[in-house]
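Colleague: I am new to reading models like this one. Please take me through a close look at the charged side chains and the partners they meet.

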Amino acid sequence: MPAPTADDIDYSDIEEKYQVHYDDSFDTTLVVDGIPIIDESKLERLLTKFCKEFARKGVTIKPDDVFMPWNDATGKSKGYAFVDFRTVDDANLALVAVNNHPFDSKHTFKLNRFADVEKFMHLDESYTDPEFEEFKPKEHLRAWLGDPQGRDQYVTYRHEDVEINWHGKPSQSELAYKPDWKEPFLYVAWSPLGTFIATLHRQGVRLWGGSSWKQQQQFAHPLVKLIDFSPCEQYLVTWSNEPIVVHEGAKRGPQFFSPDDEGNNMAVWDIKSGHLLRTFSTLTDGEPPAKKQIHWPALKWSPDDKFVARITPGSMISVHEVPSMYLHGKKSLKIDGVLDFEWCPQGDKDKEDAAKDATNGDANKVKKARENMLVYWTPENENQPARVTLLAFPSRTILRQKNLFNVTECKLYWQNQGDFLCVKVDRHTKTKKSIFCNLEIFRVREKDYPVEVVELKDTVTDFSWEPKGERFAIVSSTDPNLGNPGPGITIKTDVSFYQLEHASGKNDFRLLRSLPSRTSNAIRWSPRGRHVVLATVGSSSKSELEFWDLDFTIEDTARREPSKEDWGSSIQLLGTADHYGVTDVEWDPSGRYLGTSASAWTHTVENGYAIWDFRGQEIVKHIQDRFKQFIWRPRPLTLLTKDQQKQVRKNLREYSRAFDEEDAAEESNVSAELISLRKRLVDEWNKWRVTCKKEHAEQRGKKHGKDHHEEEKEEIEVWIDEIIEQIEEVVVE
């Protein structure tokens, strides 16, 4: 029998086992519209940017995966492309993450499946009634503002326990919510308008809110250490001292880091969607992350959330548009030597004008809102003096510049309404052996932005504007221990108040009053102005609190400026207090109560918190071991219009009468409860006394062999004072 050949061997079972099934479907192919139309010379650059935009959303593709059709007649592209992905999952991820993603200011990606083209061609056009889902209302994230008593809230963090409390009258103060957050976290923080409370975990940041205090959003940034909200609560910045590492098999998508983000350590997120917008690096090559000193916040937001800026010390300020995160104008502000900058805040009037601009398209009838502004300063360099520059943005127009000489350092302080800017200039003498201070004050609302100089001889350690006012306070000192304070050393300071004087016609800031020989090192204005607390914070030997009223003798608080004779006489000390080891001082949003706390993060002696009224009277005080944080919940701006607010002020006596009746009713209820308690205690005492007398009489009767009960006699001794003689003498000096 002949030997079998290779052709006679049956390989069908092996071929069936190892057969490769080719995917001839188009489920991994997507059609991308919204691509700029270009010529062939720009193809390579376009494909590079195209792949980079996909990578920003967590989808990795290569230029070879992209096919771009061309118009042979014009020699240009047709504005769309076909993209092949490795798997169906990658295609689905791209469809969700990249669709409606802005490629640039004029083009937006629109993604569709290639397989859907045939489906849409044979689409059944017969109408069918849609299925309506049952409406499920979402909880209001600002429901706490509807509290009938108008109470505020505050959060406390002790050991691993967090409590959110209501604060009002003693009978109205109660626990609002005690969350059961089982995972350990670093600290808690409120968002600027009080909508969310954030917790920092090892895996990232979580936002909680609403009446149920459920999780509203989360951001996956491992080992996060610092966070910063944008002013309008639209965006969040997270920072870690460790660089981002994307491990193989890690989750991908717009909410997660991609391989392109590796090495960076700061991220910008969209709060509503939870999407990652961009990452940055604050790490220096060759320097260990733990050794790097971070200036926080590293990104500074414009007050309307339209721009976010970052400084590269000594060279430039980079302003990015939000949410695209593109560099505005495709270029940074090149400023040699720049060391610091600040955005100008939006005042209440500016916000009203911006709202009118947004709702009314006719610019001729509505006054345009003031353009965003920022201020920066540059130090002296060779023959160039130091300089402070006020810049309009996005027009990049220089509004005002001021040259400064013999400058050591500058600090920038905006008033919260954007009316004034103070530049605290630390100057040195020509010999550079001593330092003194000047205040350069820009009046931003006036024509040509005039600058006033307030000369001081001492070193200013703290500066603070009065909210919505024309006054400021400073803490200054000539103490020789100021530069090197040690344990047990108390720095002597002076506190001074200044006010803008209109009577002279010069509109200059004039000294209102000076308070010498203090130990205060912190100024805390009430959010409503007028009241201020001078505190000694962070000292192991002193912990004083002084409560001052700057309009104590002025009946009409709307007319703030006193006469020349009464200049400075309206300032009155309301009270003093002491909170040992105080580390934090903060007013509540109403400006009626002050919270102080001693945090275990600073020291471990008598940790806890206290609440005071604006006169310095203690309301609540709790000493708690391992106490860490006390923070008032912020409030957004009032929804009342100016006319409605005027109407409330006009009818303030009627409202006051209603509040007085509520207080009287509450006091009477308390009095009735107290009287009832006292009466019950007296009745119990009398009953016990009768029982004791009866038992005592029975015992005496048995002892003397008597069956009858003798009534006990009770002796009462009465003292009577009688005036026998009274003589009056007149002493003549």
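Modeller: Let's start with Glu446, which counts as partly exposed because its relative accessibility is 30% (buried means under 20% relative accessible area, exposed over 50%, partly exposed in between, with a 1.4 Å probe and protein chains only). Its partner Arg443 has a relative accessibility of 8%, so Arg443 counts as buried. These two residues form a salt bridge, with 3.0 Å between their closest N and O atoms (the rule asks for a side-chain nitrogen of Lys or Arg within 4 Å of a carboxyl oxygen of Asp or Glu).

Before we go on, a word on the ground rules. This is a predicted model, so local features need pLDDT of at least 70 and side-chain atom pairs count only at pLDDT 80 or more, while totals for chains, interfaces and linings use all residues. Residues are numbered from 1 along each chain as its sequence is written, and side-chain values use heavy atoms, leaving out hydrogens and water.

Over the whole structure, a search finds 31 salt bridges. In one of them, Glu466 pairs with Arg471, their closest N and O atoms 2.9 Å apart; here Glu466 and Arg471 are both buried. Asp147 and Arg151 also meet through their side chains, at 3.1 Å from N to O, and both of these residues are buried too.

Salt bridges can also join into a network, as they do for Asp350, Arg370, Asp419 and Arg445. Follow that network and you come to an empty space: Asp350 and Arg370 are among the residues that line the second largest cavity, along with Cys344, Pro345, Gln346, Glu371, Asn372 and Met373. A cavity is a set of points on a 1 Å grid over the protein atoms alone where a 1.4 Å probe fits but cannot get out, and lining residues have an atom within 4 Å of a point. This one has a volume of about 60 Å³, and there are 2 cavities of 30 Å³ or more; volume here is the space filled by probe spheres set on the points, which are joined across faces, edges and corners. Its lining divides into 3 nonpolar, 2 polar and 3 charged residues (Asp, Glu, Lys and Arg are charged; Ala, Val, Leu, Ile, Met, Phe, Trp, Tyr, Cys and Pro nonpolar; the others, Gly among them, polar).

Finally, look for charges that sit over rings. The charged end of Arg633 lies over the ring of Trp144, 3.7 Å from the centre, and that of Lys300 over the ring of Phe341, at 5.0 Å (NZ of Lys or CZ of Arg within 6 Å of the ring centre and within 35 degrees of the ring normal).

Terms used. 1 Å grid on protein atoms, 1.4 Å probe; cavity = no way out; pocket = protein on both sides within 12 Å on 5 of 7 lines; lining within 4 Å.
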